[in-house]
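This report goes through the sheet, the helices packed on it, two single residues and the aromatic contacts.

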Amino acid sequence: MRSKIEDYNAVVEAASKFTKSVAEGNSEYAKELFTEDACLFGFLNGKLERGSIEQFYHNVDTVGAGDAFKTRIDVLELEETLAVVRVLEEGWGGTIDFTDVLLLLKIDGEWKCVAKAYNQNSNTISDSKRQ
């Protein structure tokens with residue numbers, strides 16, 4: 001049975017904390033979304049990032065999104081206590097496009113992100129930073 005639209009809206013509202021943090025260069029909103037032990041995996045300019053979500057907070061707090069930054073949130077899967085969300089980002093830091101996948105669990109009635117994996121679009125990888 002398909003979840004109700006209000007359930008989808010609740011997941012989008014939770015994921016919006018992620019996009020608001022990135023857009024404003026302020027990790028405080030994302031810290032409301034992610035669990036303390038959330039992890040991340042992805043490649044930034046060809047270098048593998050993995051481990052604590054603290055790395056994401058650092059990136060958000062040190063790189064401004066830029067005036068042309070755009071996002072889109074898509075709920076790919078939604079079950080009673082599980083959601084998979086795709087976030088498209090264009091123009092982070094003025095030059096980088098990402099596709100993020102967020103894994104959310106409904107914990108004590110609140111949607112929380114436990115993992116973030118991402119892809120940096122290959123046409124936005126800086127040649128000087130490839131490894």
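## Strands 1 and 2

Cys 39 has Ser 52 of strand 2 as its bridge partner. The model in which this pairing appears is predicted. Strand 1, residues 34-44, runs antiparallel to strand 2, and six bridges join the two.

## The sheet as a whole

The sheet is open and has six strands, arranged in the order 2-1-6-5-4-3 with mixed pairing. Its edges are strand 2 (47-52) and strand 3 (70-78), each of which pairs on one side only. From one strand to the next, the twist averages 15 degrees. In general, strands of a sheet pair through backbone hydrogen bonds, and the pairing may be parallel or antiparallel.

At the edge formed by strand 3, the pairing with strand 4 is antiparallel and extends over eight bridges. One residue pair in this part is Val 75 with its bridge partner Val 85 in strand 4. The connection between strand 3 and strand 4 is a hairpin of three residues.

## Helices on the sheet

Helix 1 (residues 5-24) lies across five strands: strand 1, strand 3, strand 4 (82-92), strand 5 (96-107) and strand 6 (110-120). Its direction is at about 145 degrees to strand 3. Helix 3, residues 54-62, also packs on the sheet, where it touches strand 1, strand 2, strand 4 and strand 6. The angle between the directions of helix 3 and strand 1 is about 70 degrees.

## Ser 3 and Ile 107

Is Ser 3 buried or exposed? Its relative accessibility is 14%, under the 20% limit, so Ser 3 counts as buried. Ser 3 belongs to the segment before helix 1. With neighbours within four places in sequence left aside, Ser 3 is in contact with Tyr 8 and Leu 78. The C-alpha atom of Ser 3 is separated by 9.7 Å from that of Glu 77, a residue 74 places away along the chain.

Ile 107 is part of strand 5. Its relative accessibility of 33% falls between the limits of 20% and 50%, and Ile 107 therefore counts as partly exposed. Leaving aside neighbours within four places in sequence, the contacts of Ile 107 are Thr 35 and Lys 112. Between Ile 107 and Leu 82, which are 25 residues apart along the chain, the C-alpha separation is 9.6 Å.

## Aromatic pairs

How many aromatic pairs does a search of the whole structure find? The search finds seven. One of the pairs is Phe 98 with Tyr 118, whose ring centres are 5.3 Å apart. The planes of these two rings are at 90 degrees, over the 60 degrees required, so the pair is edge-to-face. Because Phe 98 lies in strand 5 and Tyr 118 in strand 6, the pair ties together parts that are 20 residues apart in sequence. Both Phe 98 and Tyr 118 are buried.

Ring pairs also link Phe 18, Phe 34, Phe 56 and Tyr 57 into a cluster. Tyr 57 has a charged neighbour as well: Lys 31 lies over the face of its ring, at 5.3 Å from the ring centre.

Notes:
Residues numbered from 1 in each chain as written. Predicted model: local features only at pLDDT ≥ 70, side-chain atom pairs only at ≥ 80, totals over all residues. Heavy atoms only, no water. Pairing = 2+ DSSP bridges. Helix = DSSP H or I, 4+ residues; strand = E, 2+ residues; numbered from the N terminus. Axes fitted to C-alpha atoms, helices over the stretch in contact; angles between N-to-C directions. Contact = heavy atoms within 4.5 Å. Buried < 20%, exposed > 50% of the residue type's maximum accessible area, 1.4 Å probe, protein only. Phe/Tyr/Trp six-rings, centres within 6.5 Å; stacked < 30°, edge-to-face > 60°. Lys NZ or Arg CZ within 6 Å of the ring centre and 35° of its normal.
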